[in-house]
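Please open the structure in your viewer and keep the selection tool at hand. The tour proceeds stop by stop, with a selection to make at each one.

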Amino acid sequence: MILFNFFIQGGRVIGTREDSFWNRSFSETPWERTEKKRERKRKRRRRHEHKTKKKRKEEKGFVSPLEERMSMEYESNNWIWDGVYYYPHLFGGLMLTAALLGLSTTYFGGIGLFPLSYVWSDLGIFHKKKREKKRIRVYMDGCFDLMHYGHANALRQAKALGDELVVGVVSDEEIIANKGPPVLPMEERLALVSGLKWVDQVIANAPYAITEQFMNSLFNEHKIDYIIHGDDPCLLPDGTDAYALAKKAGRYKQIKRTEGVSSTDIVGRILSSVKDTKGGGSNNSTLLNEDSGERHQSKRGQVSQFLPTSRRIVQFSNGKSYSVFTQGPGRNALVVYIDGAFDLFHAGHVEILKKARQLGDFLLVGIHADHIVSEHRGMPYPVMHVHERSLSMLACRYVDEVIIGAPWEITKDMITTFNISLVVHGSVAESNSLLPGETDPYEVPKSMGIFRLLESPKSITTTSVAQRIVANHEDYMKRNAKKAQSEKKYYEEKTYVAGD
């Protein structure tokens, strides 16, 4: 009688599959049984679709927190039916044992005081092991010579295609063999790439072309899932595609090239200014005569083609350690301020920014406007205009916020507005000549006792980098002329690429 009451209650069995003989009411009509079968099929189909969607999400490498929570709730509420479906005899035996021991059958519905369901779930009999989300690792390589916001935007896009970004920096020897002499040596290029907030790991001395041996090393040793490159062609001296093997392996993904800037373009701006200076018969350019202190006033021979947009600034602003553009630093945060032109973003900039960031909780960087830089340094400075320089700062992992077009003089009102606790300046900097009537721009913070001169880790300056190009201008002019042909072909055949 106990067993009969256990198995049959109102024509239904508590805790067993709906297609069980005991679940059928003896008064059911054939039509009712057919409808119940259809309903059971619909339930099984919905359950299968749910599991399929979850599997696809996991294979893509992304499951939203809401979907993850819903999935966990689904699994926790349906473990009994999974047990009945996959282990009917075992589950029936457990139910029979529980009935003989006098335990209430409501436990199998998930309600009761005795945590029997949790005991069974801990045994792992019915629960399937939860698959951990696989982290997608992507690889992107490059020369990264004269690091600019185009490089940074490429790495930002690459990081968006995975969870971890590994960057390969091509060796000096490979660059010379395929493109010509680099402006920056390997050490400086490594510092620049490592200083970007989207980069998780750096591989030094990467090959220019993806060889089969190196590709296998990426897949097996570095656990790379995809190799990334821009939509612009990357050809070897023999005319073959440098990423042909990665494409053939089906592990290649493409991103959109950032328009308006390239290392070739930056070299061209500097060389055009020098050419214009020589053509005018003047020898007072700061590039040709750094020690003269005079300001060359000729116009640039080549200007930037970059079109700044608010969306690009927002893209570069995201991913900060603080929600700086919505909340800003806390009231009691120690805000460190450093300003400058930060033209031709180089390893010296990265190192001084890193050192400044370590002095406080929040690093605020002031970027001087173009006319201020030009007035104090002369032409062709700044080589990069204020929006280009601002994006380079926003890409740096040590910078929390940027003032675009910061004033030359730091005032008391500015210190109060931004709650600045400390103003710093590097010991190695460009020789900015004061204009008539100008005073020390750091006079106020010095009088307040919040100014500190930092020892610069590197002796690199924007002028020293530009002079490397001027000193080898013939080699760079040949390289630029060759590159200009491929650039022209790219723009002639260019098509719209979605994304970005």
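Which helix gives the most to the lining of the second largest pocket? The answer is α15, which contributes four residues. Please bear in mind throughout that this is a predicted model.

**First stop: the helix.** Select residues 370-377, which form α15. Within this helix, I372, V373, S374, H376 and R377 are buried. Now add β7 (362-368), α16 (386-395) and β8 (401-406), which are among the elements that cover those buried residues. Just after α15, select G378, where the phi angle is positive, at about 85°.

**Second stop: the pocket.** The second largest pocket holds about 580 Å³ of space. It is lined by 32 residues, and R377, H425, A429, E430 and N432 are the closest to its centre. Select β6 (335-340), α14 (347-357) and β9 (420-426) next; each of these, like α15, supplies at least two residues of the lining. Colouring the lining by class shows 14 nonpolar, 13 polar and five charged residues.

**Third stop: the cores.** In soluble globular proteins, nonpolar side chains tend to be buried together. Select L353, V365 and M393, the residues with the most contacts inside the largest nonpolar core, which has 67 residues. This core lies between domain 1 (137-261) and domain 2 (263-274 + 329-494), because both domains give residues to it. Centre the view on M393: leaving aside neighbours within four places in sequence, M393 is in contact with F342, F345, L353, V365, I367, V399 and V402. Finally, select I203, I210, F219 and A242, which belong to a second, separate core of 22 residues.

Notes
Residues numbered from 1 in each chain as written. Predicted model: local features only at pLDDT ≥ 70, side-chain atom pairs only at ≥ 80, totals over all residues. Heavy atoms only, no water. Buried < 20%, exposed > 50% of the residue type's maximum accessible area, 1.4 Å probe, protein only. Contact = heavy atoms within 4.5 Å. 1 Å grid on protein atoms, 1.4 Å probe; cavity = no way out; pocket = protein on both sides within 12 Å on 5 of 7 lines; lining within 4 Å. Points joined across faces, edges and corners; volume = space filled by probe spheres on them. Nonpolar A, V, L, I, M, F, W, Y, C, P; charged D, E, K, R; others polar. Core = buried A, V, L, I, M, F, W, Y, C linked by side-chain atoms within 4.5 Å. Domains from an automatic or database assignment.
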